[in-house]
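Here are some notes for a colleague who is opening this structure for the first time. They are set out as numbered points, to be read with the model in view.

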Amino acid sequence: TSNTYGRVMLEGIGDNTGIIVITKGKDIGHNGEVIFSPSDSSLGYSFRIKAFSRNIKLTGLTFKWLVGTGTEITCSVISLAQVTNVQIDNCHIVSNGKAEGIVPIEDTSISITNNTIETLTNNYTQEQDCIEFSGGGGGHTITGNTLIPRGTNPVVHRDCIQIGGIEGQSNNYVTTIANNFFCSPLSTVPTQGLYINNVGSNRFLIYNNIIIDGSAMTPLTVTQTSPYHVSAKMYNNIVIGKTAYTFAISNLDTLIVKNNIFMSDSVGGNAVMIFDGNGLQACGYKDFNYNQYFERGHAIRIDTTANGISRESCTWAQWKALGYDAHSDTGIVNFANIWGTNATDYKLATGSSGIDGGTTIPLTNPAYDGTIRPVGGSYDRGAFETAVASNLFYYISNNGNDANSGTSTSSPWKTISKVNS
């Protein structure tokens, strides 16, 4: 059976001697679903931890926001304020659209792992981010989550994850964002996947994510605000946009981008990537390689100068001539079921040149679904590692040799038994 409670606030609890764990009971008769769901919207949260609380873990719980008059400014299902080392793990966070999911404000070292965070279908006008960080010290871990925004109102602010408000300050801590499914494939209203903007000094480590955005917005944005310093390392992500740029960058100190798949599934022919702000030259150290870029029906373009007034687009050949993406590709990308609503819909299918097209990056092993990399000769690009062969044809010849690779007419096998082995 389930047990439902009203709103809860924890203030000034916890110390450095251990972790306070809040979870459902483990005794027989007390181990049903535990739900926190307020009966009114008067205080603006379902569960709140605040005022210098630390070392608290919420696990195996359900948090809901199913109330509201429609006149509230900003509410949140889970509110964190001025706390350190709070963990939210294996929980279900649900909003009717009148509250955001998890909102950490002025917090440090928040861990959000293995949760489902969703808004129900709605046409409300409140902000509807699944997770919104602001004004904290950075050093967060966001891994293994499924993020599903379903609002339909076209004027609403709606991101799967937003990090802003000078988050990170001057600490330069590492924030890890990995193995998440940003699920917004059917959205026709402005929605962004991962939106990092107006932040303080941070080091972002972003890998094995699946970021799908069917709206007219950019699925992945990372920008730096003066006088702070931001670095980003991005490995083995899948980023798919419908009509806008798939990836927007602005003024970063360091940018390393490898083994990713960037796909623009658009009839408009937008550039697949844009350097906003002061353009390409405003980013410091840059290392792009082993990526896959694909624009359906269009040649690859990359906007290297975008100051709000003019655009300068590079062709693929021009981009490579600048010294980037020497081992990257622009071949066709085929997924198991593009624009599907399951993470496994974005496994690479037969014919995708991203199979075995990556380089070894131990950090991304195992892949999103736990598969050990590599399955074939090399890492795949993107979040998955697939057993689908990139070449299904084998060649035999009377002049061949079973010690050959068998994958081309110049290196054939000799016997049928080798084909069947």
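**Notes on the predicted model**

1. Glutamine 169 is partly exposed, since its relative accessible area of 37% falls between the 20% and 50% cut-offs. The model is a predicted one, and in it glutamine 169 sits in the loop that runs between S17 and strand S18 (173–178). The phi angle of glutamine 169 is near 50°, which is a positive value in a residue other than glycine. As background, most residues other than glycine have a negative phi.

2. Tryptophan 339 can be read alongside that residue, for its phi is near 70°, again a positive value in a residue other than glycine. Is tryptophan 339 buried or exposed? Tryptophan 339 has a relative accessibility of 14% and therefore counts as buried, the limit for that class being under 20%. Its place in the chain is the loop between H1 and H2.

3. The loop between helix H1 (316–321) and helix H2 (416–420) also holds proline 366, and the peptide bond that leads from asparagine 365 to proline 366 is cis, with omega near 10°. Proline 374 is found in the loop between H1 and H2 as well, and arginine 373 is joined to proline 374 by a cis peptide bond whose omega is about -15°. For a reader checking these two sites, it helps to recall that most peptide bonds are trans.

4. Turning to the sheets, one open sheet is built from 11 strands with parallel pairing, in the order S1-S4-S7-S10-S13-S16-S19-S22-S25-S28-S31. Strand S1 (3–5) and strand S31 (292–295) are its edges, and because each has a single partner strand, one side of each is left without a neighbour in the sheet. On average, and with direction ignored, neighbouring strands of this sheet are turned by 10° against each other. At the S31 edge, strand S28 (residues 261–264) runs parallel to S31 and is joined to it by four bridges, with phenylalanine 262 having tyrosine 293 in S31 as its bridge partner.

5. Another open sheet has 10 strands, also with parallel pairing, and follows the order S3-S6-S9-S12-S15-S18-S21-S24-S27-S30. Which strands stand at the edges, each with a single partner strand? They are strand S3 (20–22) and strand S30 (285–289), so each of them has one side without a neighbour in the sheet. The twist from one strand to the next averages 10°. Within this order, strand S12 (residues 111–113) and strand S15 (residues 141–143) run parallel and are joined by three bridges; isoleucine 112 has isoleucine 142 in S15 as its bridge partner.

6. Parallel pairing can also be followed through S14. Strand S11 (residues 100–105) pairs with strand S14 (residues 131–134) in the parallel sense over two bridges, and here isoleucine 102 stands opposite isoleucine 131 in S14. S14 pairs in turn with strand S17 (residues 159–164), in the parallel sense and over four bridges, with phenylalanine 133 standing opposite isoleucine 163 in S17.

7. Serine 79 lies in strand S8 (residues 76–81). With a relative accessible area of 10%, serine 79 is buried, as this value is under the 20% limit. What joins the side chains of serine 79 and arginine 48? A polar contact of 3.2 Å links these two side chains.

8. The largest pocket encloses about 220 Å³ of space. It is lined by 15 residues, and the closest to its centre are Pro149, Arg150, Ser184, Leu186 and Ser187. How do the residues of the lining divide into nonpolar, polar and charged, and how many belong to each? There are six nonpolar, seven polar and two charged residues in the lining.

9. Serine 187, one of the residues closest to the pocket centre, has its place in the loop between strand S19 (181–184) and strand S20 (192–196). Serine 187 is buried, with a relative accessible area of 11%. Along the sequence, serine 187 and arginine 150 are 37 residues apart, whereas in space they are 7.3 Å apart, C-alpha to C-alpha. Arginine 150 likewise belongs to the residues closest to the centre of the largest pocket.

Note on methods:
Residues are numbered from 1 along each chain as its sequence is written. This is a predicted model: local features need pLDDT of at least 70, side-chain atom pairs count only at pLDDT 80 or more; totals for chains, interfaces and linings use all residues. Side-chain values use heavy atoms; hydrogens and water are left out. On a 1 Å grid over the protein atoms alone, a cavity is a set of points where a 1.4 Å probe fits but cannot get out, and a pocket is an open set with protein on both sides within 12 Å along at least five of seven lines; lining residues have an atom within 4 Å of a point. Grid points are joined across faces, edges and corners, and a volume is the space filled by probe spheres set on the points. Ala, Val, Leu, Ile, Met, Phe, Trp, Tyr, Cys and Pro count as nonpolar, Asp, Glu, Lys and Arg as charged, and the others, Gly among them, as polar. Two strands pair if DSSP finds at least two bridges between them. Axes are lines fitted to C-alpha atoms, for helices over the stretch in contact, and angles run from 0 to 180 degrees between N-to-C directions. Buried means under 20% relative accessible area, exposed over 50%, partly exposed in between (1.4 Å probe, protein chains only). A polar contact is a pair of N or O atoms within 3.5 Å; within protein, one must be able to donate a hydrogen and the other to accept it, and residues adjacent in sequence count only if both atoms are side-chain atoms.
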